[in-house]
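The following explanation is intended to be read alongside the sequence and the three-dimensional model. Please keep both in view while reading.

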Amino acid sequence: MASSNSQSSNKSFVYREFGNDNSAATERPIPELPPQQNLKVQASRKGRKGKTVTVVSGFQAKPETLADLVKQLKTQCGTGGTLKDNEIEIQGEHKQKIVEILTKLGYKAKISGG
């Protein structure tokens, strides 16, 4: 009876190759697209108690790439910012400056909204 108990605790696989960890095979990769993405840069005040935030949206990249880009934009604008739901939010109104920075990096960015 003990042998059936030990077998039931093991996961049963039909075929397994190269070790026990297959988590990398089951994860869905996020495609890393080149910088030629169409990005929208707009200033927003909605839900921010009247404070202006510049929002950059339209990214299709890995979170690590976006985190590096947020850091670079924050440094060059001299302000704070964050990454939320694949959108970059930079504090203050920096639409023109962000568009210039993104076009230098190879992105297709344009100002959206008024």
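The paragraphs below treat the sheet, then a pair of helices, and finally an aromatic contact.

The model is a predicted one. Its sheet is open and consists of five strands, arranged in the order β3-β4-β2-β1-β5, and the pairing within the sheet is mixed. Strands β3 (81-84) and β5 (108-111) occupy the edges; each has a single partner strand, so one side of each is left without a neighbour in the sheet. From one strand to the next, the twist averages 20 degrees.

In general terms, the strands of a sheet pair through backbone hydrogen bonds, and the pairing is either parallel or antiparallel. The sheet may be followed strand by strand, beginning at the β3 edge. Strands β3 and β4 run antiparallel and are joined by four bridges. One of the residues involved is Thr-82, whose bridge partner in β4 is Glu-89. The two strands β3 and β4 form a hairpin with two residues between them, and in this turn Asp-85 has a positive phi of about 50 degrees.

On the next step along the sheet, strand β4 (residues 87-91) pairs with strand β2 (residues 53-57) in the antiparallel sense, over three bridges. Here Glu-89 of β4 appears again, as the bridge partner of Val-55. Glu-89 is thus a bridge partner both of Thr-82 and of Val-55. Elsewhere in this pairing, Ile-88 in β4 stands opposite Val-56.

Strand β2 also pairs with β1, in the antiparallel sense and over five bridges. Within this pairing, Ser-44 stands opposite Val-53 in β2. In which sense, parallel or antiparallel, do β1 and β5 pair? Strand β1 (residues 38-44) and β5 pair in the parallel sense, over four bridges. Asn-38 stands opposite Lys-108 in β5.

Attention now turns to the helices. Two packed helices are described by the angle between their axes and by the distance between the axes. Helix α3 (residues 63-77) packs with helix α4 (residues 95-104) at an angle of about 130 degrees, and their axes are 11 Å apart. Because angles of 65 to 115 degrees count as roughly perpendicular and those over 145 as roughly antiparallel, this angle makes α3 oblique to α4. The crossing of α3 and α4 is right-handed. On the α3 side, the contact is made by Leu-69, Leu-73, Gln-76 and Cys-77, and on the α4 side by Lys-97, Ile-98, Ile-101 and Leu-102. Sorted by class, the contact of α3 with α4 has six nonpolar residues, one polar residue and one charged residue.

The last feature concerns aromatic side chains. The structure holds one aromatic pair. Phe-59 and Tyr-107 form this pair in an edge-to-face arrangement, with 6.0 Å from centre to centre and 80 degrees between the planes. Phe-59 lies in the loop between β2 and α3, while Tyr-107 lies in the loop between α4 and β5, so the pair ties together parts that are 48 residues apart in sequence.

Note on methods
Residues numbered from 1 in each chain as written. Predicted model: local features only at pLDDT ≥ 70, side-chain atom pairs only at ≥ 80, totals over all residues. Heavy atoms only, no water. Axes fitted to C-alpha atoms, helices over the stretch in contact; angles between N-to-C directions. Parallel < 35°, antiparallel > 145°, perpendicular 65-115°, else oblique. Left-handed = near helix turned anticlockwise from the far one by under 90°. Contact = heavy atoms within 4.5 Å. Nonpolar A, V, L, I, M, F, W, Y, C, P; charged D, E, K, R; others polar. Pairing = 2+ DSSP bridges. Phe/Tyr/Trp six-rings, centres within 6.5 Å; stacked < 30°, edge-to-face > 60°.
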